[in-house]
Structures are given as C-alpha cells and as structure tokens.
Amino acid sequence: MSPRAASRLESLRFSRVFDYVAGEADWLAFALPTEGTKTDQPRAGPVTRVDVPTCRLTDWLSDVRDKVRAAGWESCIVVNERGVVLGRVRGDALEGHSARTAEEVMRAGPATVRPNEPLGSLVQRMRNRNVDSIVVTTPDGVLVGVLRRTDAERRLEQQETTI
Amino acid sequence: MPTPIHRDDVGQMLAEGAQLVDVLPADEYAAEHLAGAVSIPLKTLDATTTTGLDRDRPVIVYCWDYQ
C-alpha cells in the first residue's frame, strides 16, 4: 500500500518522497512511540524479563547450568554474537552430561513473539498450548527477553481491576 | 522513484523536519499510529487531501507492513 501511496504523491509533484516499507508493524515491534486510542492495551514488551541468562553454542553445559542456577532461572537462551536467538536450553536438557555443549542439548528455533504482541491474545494462545513462557525477540531475531505467562496474567488482572 | 527507507532513517528524518503520512484507513490510524503522523488514507490521496503537506520538506509514507 505505501509504495502506491508514495508513487501517487510523486504524481502529485511531491519531489522528496520516502517509503518506510516495513511500516507500522516494524515500528511497533521495536516499541517506538505511537499515538491513538489503542495505545494503552497491554503488550508483551513491558512484562518481558530481560535478565534471562544467555549462552553461546560452544558453552559447556556445566557452565550453562551454573549460570542458570545463579540467576534463579529455569532456562538459558542460546544466542550468537549479534544476540540472535538460536535455541533454548531448559528442563532435562540442563541436567545432561557436563561435557556436552549448549548446541548439543538445546532446542533449536524456539517459538518467539515480538514486544508489541497484545497480551490478551498471547496469553490465550499460551494457555491453549500449555506454554508457561515464551522468548521475545525483535523482528530481526535479536533477543529481548523471556515472557512468563504468570507475569502476563498478573498484568492483565491489573488492567481489569483498573477498568 | 520513491526511496525505500529503514526504521532508523525515519527517526533521523523526522528530527530533521520530514513529514510522516499514515496511508492506512482512518479507523486504523485512530486506533494507533506512529507518533507525529498525519492521516491521509490511500483511497483519499489526491491534490486536495495533500494540501496540508509542505512540498519543500521530505514526505515519508507508511502503511502496516510490506503489503
């Protein structure tokens, strides 16, 4: 739609026309400023925990385990040098042999959502699939954090009590 | 030919005085739009509805995504 609008503006003799092709979806996903009547709906970003431990593919599982326990978490996100999410180590995988690497035990390509995801529908999907937490990334795959369903449910309850 | 730009360019150009135009339907604009954008839905985009735009300043248009 915006390429057509940009071309139409040029036909109306506007000479300096630029097209933000990724559009509003991209803007929202990076939690940039917006205005309007729906801007106060709860979204994933503000309740995402950004202190989730991270590790690299080649990290030893013993080190990953120590890091997760020290941080009080139950999982570790495997990222590359740019912070792009590659996998997640959790549950039984964390208790594997110490001489294995994160790459060997991680679950590759975990499901992710963007920070602008509306909480109401997200929580419903998580309940339906019995998911207790989900990884939050930017559209280009860079880790933002992990959203726990309990945090999201609490936020929605707060929203209901203030209405 | 219109120049495609990235998110980072938008912020920079707005700081330098560019104009931002949301071409989505008016109800979608009302619900939420980029801060500082004006609404000119694509279906209404013509010589009359663009009179409020300054031809001497860059104009950035956007919709929802790549569609």
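Is A:Gln41 buried, partly exposed or exposed, judged by its relative accessibility? The legends below take up this residue and several other views of a predicted model.

**View 1. A:Gln41 lies in a loop of chain A.** The loop that holds A:Gln41 runs between β2 (34–35) and α3 (44–47) of chain A. The relative accessibility of A:Gln41 is 32%, and the residue therefore counts as partly exposed, since that class covers the values between the limit for buried residues, under 20%, and the limit for exposed residues, over 50%. Although A:Gln41 and A:Glu117 are 76 residues apart in sequence, their C-alpha atoms are 10.0 Å apart in space.

**View 2. A:Ala99 is placed in another loop of chain A, between β5 (85–90) and α5 (102–105).** With a relative accessibility of 45%, A:Ala99 counts as partly exposed. When neighbours within four places in sequence are left aside, the residues in contact with A:Ala99 are A:Trp60 and A:Glu104. A:Ala111 stands 12 residues from A:Ala99 along the chain, and the C-alpha atoms of these two residues are separated by 27 Å.

**View 3. A:Tyr20 and A:Trp27 form an aromatic pair.** Counted over all chains, the structure holds 1 aromatic pair. The ring centres of A:Tyr20 and A:Trp27 are 6.1 Å apart and the ring planes meet at 75°, so the arrangement is edge-to-face, because planes over 60 degrees apart are placed in that class. Both partners are buried, A:Tyr20 as well as A:Trp27.

**View 4. Chain A, the setting of the three views above, has 7 helices and 9 strands.** For 163 residues, a compact globule would have a radius of gyration near 15 Å, whereas the value for chain A is 20 Å. Taken along the principal axes, the box filled by the C-alpha atoms of chain A is roughly 65 × 40 × 25 Å. Of the 163 residues in this chain, 45% are buried, and among the contacts between residues at least 6 apart in sequence, 54% join residues at least 24 apart. Chain A exposes a surface of about 8600 Å², and carbon and sulfur atoms supply 48% of that area. The chain carries 24 positive and 23 negative side chains, and the centres of these two sets lie 4 Å apart.

**View 5. Chain B contains 2 helices and 5 strands.** Followed along the sequence, the elements of chain B come in the pattern β-α-β-α-β-β-β. A compact globule of 67 residues would have a radius of gyration near 11 Å, and the 12 Å of chain B agrees with this expectation. The C-alpha atoms of chain B fill a box of roughly 25 × 25 × 25 Å along the principal axes.

**View 6. The interior and the surface of chain B are described by its buried residues, contacts and accessible area.** Buried residues account for 45% of the 67 residues in chain B. Among its contacts with a separation of 6 or more, 49% are made by residues 24 or more positions apart. The accessible surface of chain B is about 3500 Å², and 55% of this surface belongs to carbon and sulfur atoms. Chain B has 4 positive and 11 negative charges, and the mean positions of the two groups are 4 Å apart.

Conventions. Residues are numbered from 1 along each chain as its sequence is written. Chains are lettered from A and ligands numbered from 1 in the order in which they are written. This is a predicted model: local features need pLDDT of at least 70, side-chain atom pairs count only at pLDDT 80 or more; totals for chains, interfaces and linings use all residues. Side-chain values use heavy atoms; hydrogens and water are left out. Helices (H or I, at least four residues) and strands (E, at least two) are DSSP runs, numbered from the N terminus. The radius of gyration is taken over C-alpha atoms; the globule rule is 2.2 Å times the number of residues to the power 0.38. Buried means under 20% relative accessible area, exposed over 50%, partly exposed in between (1.4 Å probe, protein chains only). Contact means heavy atoms within 4.5 Å. Accessible areas come from the Shrake-Rupley method with a 1.4 Å probe; for residues, only the protein chains shown count as cover. Lys and Arg count as positive and Asp and Glu as negative; His and the chain ends are not counted. The place of a charge is taken as NZ of Lys, CZ of Arg, CG of Asp or CD of Glu. Rings of Phe, Tyr and Trp (its six-membered ring) pair if their centres lie within 6.5 Å; planes under 30 degrees apart count as stacked, over 60 as edge-to-face and the rest as tilted.
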